[in-house]
Amino acid sequence: MKKVLLFIFSAVLSMGLWAQELNDFPWGGKRCEKNSSITSDYSGKVVKSPEKLPSLMKNSVVVEINKTYFFENEDRTSTYEMIYFDVKQTAKKGAEISSGDELGKAMNDVVYIIVRSKTIDPYLVSVNSILPVKVNGFYYWFPGMLANDTMKYLDYSPLDLEGVKWMYNHTTNPDSDPDWTPGYSSFRWQILMETSLKSYPKKLKENAMSKYGVPIESELTVEYEGMQFSLAFQPQFLDYLKEEYKLKDKIYLYLVVDGIGAFDKTFSCYVRDFSLISPTEIVKRNMNTIKERLGE
């Protein structure tokens, strides 16, 4: 996302049934100039502001959005309402909009953003460390999906071996494609690899730079189901890995794959993060914590 959330307030740690003040909600905000154009961060549909919307959000534009993610090893799609308030609406109700389309004009020098759902949704749990507030049957969440520094674990698809092996053979085997040309096949693919490491990454003699402009300090090549994956790690990653991970134990690696070389037959990957338990377990644990804290 190009938009960056500039600041937040923590939510009150209660059921929130009486929450009507701004500081009672886990909102995000954008600094702007009064009367400046406010654009949507997602594609979706502009919907009528529901009657159950808290009174402090009466001057708002509500965008219904769909989010597809991976949970419990399958694709899921959830529908949310992204609410922009302190905005004078210009977008027509019922209009289908794209990311970047104008929603309205800022009424002050801050526009507030909050997301709401009808359930304790797995994806919203995964992108939030702030407790949601429940008001009139809806859960109000800090819009963590818009924060550039938030790790979005459920955007990483479980490793599909059939698809990976097809891509590997298609790229590295001339017999698989009559138009095959030796070289480097470039793409972007976010995957979750469940594996174990026999050794820690090795530091490079000189720091390098990834395809995405991220500094690289260490590398490690691992074999997975007969295929080679070259893993690149950012500075200080190795220190955290050695502190938290014991070799040969299970580890979950969140990889941004940017291509495969036909000559060395190796997938090039940037390691975004790691965990010692699966994202499904993490989300389920956090969902239970939220239910306990909200008294459900």
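Where does T150 lie, in terms of the strands β12 and β13? In this model, which I should say at the outset is a predicted one, T150 is found in the loop that runs between β12 (138–141) and β13 (157–158). T150 has a relative accessible area of 19%, and because the cut-off for buried is under 20%, this residue counts as buried. If we set aside the neighbours within four places in sequence, the residues in contact with T150 are V127 and G144.

Let me turn now to the aromatic rings. A pair of such rings is described by how far apart the centres lie and by the angle of the planes. The count of aromatic pairs here comes to ten, and one of them is formed by W27 and Y112, whose ring centres are 4.9 Å apart with the planes at 80°, so that this pair is edge-to-face. W27 sits in the loop between β1 (7–8) and β2 (28–31), while Y112 belongs to strand β10 (residues 110–117), so the pair ties together parts that are 85 residues apart in sequence. Both W27 and Y112 are buried, and together with F85 they form one aromatic cluster.

Another pair to look at is F233 with F237, where the centres of the rings are 5.1 Å apart and the planes stand at 65°, so this pair, too, is edge-to-face. F233 and F237 are both buried.

Finally, there is a charge placed over a ring: R116 has its charged end over the ring of F138, at 3.6 Å from the centre of that ring.

Technical notes:
Residues are numbered from 1 along each chain as its sequence is written. This is a predicted model: local features need pLDDT of at least 70, side-chain atom pairs count only at pLDDT 80 or more; totals for chains, interfaces and linings use all residues. Side-chain values use heavy atoms; hydrogens and water are left out. Helices (H or I, at least four residues) and strands (E, at least two) are DSSP runs, numbered from the N terminus. Buried means under 20% relative accessible area, exposed over 50%, partly exposed in between (1.4 Å probe, protein chains only). Contact means heavy atoms within 4.5 Å. Rings of Phe, Tyr and Trp (its six-membered ring) pair if their centres lie within 6.5 Å; planes under 30 degrees apart count as stacked, over 60 as edge-to-face and the rest as tilted. A charge sits over a ring if NZ of Lys or CZ of Arg is within 6 Å of the ring centre and within 35 degrees of the ring normal.
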